[in-house]
Amino acid sequence: MQTFKAIVLDMDGTLLTKDGKIPNKTKNILLKLKDKGIKIFLATGRPISTSLPYHQELDLETPLICLNGAVVYDRLKQKVLSQAPISFELINLVKETVMDNAKAMVCQTFQSNYQLINLIGEQIERYWPVEKAGVMPGNDEPFLKMKIMFNSKSFASYIVNKFTPVLQVSNWGDWFEVTSQSVTKWTSFHSVIKQYGIHVRDVIAFGDGVNDIDLIKNVGIGVAMENALPILKQVSKYSTSSNEDNGIFHFLNNYHVS
């Protein structure tokens, strides 16, 4: 049995069930491993505000990696450790380019979501909690991630190809997420574990989406959930049951990590 020093978890579709809960079996095994000294990390596309309750529920002391790695936060010190802003020039360029083909464009800071394009009205709240139309952040609150929903997958693919040379793009089909160039969950997580003296071969990662690909590919054991996208399953060496069926618990238990 290989000894591991850290576990990194995506949240939506991985750690959490569809109703936003951490299953009891999963929670208990993670708490048990944490008590044994294994470091548990959360790496999510969510902003800090909606990630903190789960970080606290698991009583984690490790940095919280949010917005696909664009911000790293210390919950105990209530301090942003690092953030990677997207320049206003690039924000405006993307907005001008997608204006005629986007249903919605939301820009996220470390604490709030702001709507720059909204052609779906109040339905936008089904996807993201947003500030009122016209409200913009102050100069001390830079944009860290964009989420854009398109009318067609073909135009979304065109935008991915256009902006990939200057931005980090996660393509989900008819919508995508954008962070600063080379900023991913993986790059931020790798930077964090170096500070703990943890080697990537001593890490287990769990994920389900396109923003988890680099994470799953680069750690010692990358695990795709049963409900993961096919593109993630193609790069993962291991798999487990779904987020609705205690997938994290079953893998850790069967692999005798506990």
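Select residues 221-224, strand S12, in this predicted model. Ile221 and Val223 point one way from the strand, while Gly222 and Ala224 point the other way. Ile221, Gly222, Val223 and Ala224 are all buried.

Next, add residues 203-207, which form strand S11. S11 and S12 run parallel and are joined by four bridges. To see how the two strands line up, pick Gly207: opposite this residue stands Ala224 of S12. Now show residues 213-218, helix H7. Together with S11 and S12, helix H7 makes a β-α-β unit, and the unit is right-handed.

Then go to the other partner of the tour, strand S13, at residues 238-239. Two bridges join S13 to S12, and these strands run parallel. Select Ala224 again, and look across to Ser239 in S13, which stands opposite Ala224. Ala224 therefore has Gly207 of S11 opposite and Ser239 of S13 opposite. Add residues 230-235, helix H8. S12, helix H8 and S13 make a right-handed β-α-β unit.

Leave the strands and turn to the nonpolar side chains. Which residues touch the most other members of the largest nonpolar core? Select Leu15, Phe206 and Leu252: of the 35 residues in this core, these touch the most other members. Show residues 247-254 as well, since helix H9 gives the core its largest share, four residues.

Centre the view on Leu15. Leaving aside its neighbours within four places in sequence, Leu15 is in contact with Leu9, Asp10, Lys21, Ile22 and Pro23, among others. The list also includes Thr26, Leu30, Leu42, Leu58 and Ile248. For a second, separate core, select Ile117, Ile159, Val160 and Phe163, which are among its 23 residues.

The last stop is the cysteines. How many disulfides does the structure hold? The number is zero. Select Cys66, which is in no disulfide. The nearest cysteine sulfur to that of Cys66 belongs to Cys107 and is 17 Å away. Now select Cys107 and look back the other way. Why is there no bond here? The closest cysteine sulfur, in Cys66, is 17 Å from the sulfur of Cys107, which is too far for a bond. Are these two cysteines buried or exposed? Cys66 counts as buried because its relative accessibility is 0%. Cys107 also counts as buried, at 0% relative accessibility.

Terms used. Residues are numbered from 1 along each chain as its sequence is written. This is a predicted model: local features need pLDDT of at least 70, side-chain atom pairs count only at pLDDT 80 or more; totals for chains, interfaces and linings use all residues. Side-chain values use heavy atoms; hydrogens and water are left out. Buried means under 20% relative accessible area, exposed over 50%, partly exposed in between (1.4 Å probe, protein chains only). Two strands pair if DSSP finds at least two bridges between them. A crossover is right-handed if, with the strands pointing away from the viewer, the path from the first strand over the helix to the second runs clockwise. A nonpolar core is a set of buried Ala, Val, Leu, Ile, Met, Phe, Trp, Tyr and Cys residues joined through side-chain atoms within 4.5 Å. Contact means heavy atoms within 4.5 Å. A disulfide is a pair of cysteine sulfur atoms within 2.5 Å.
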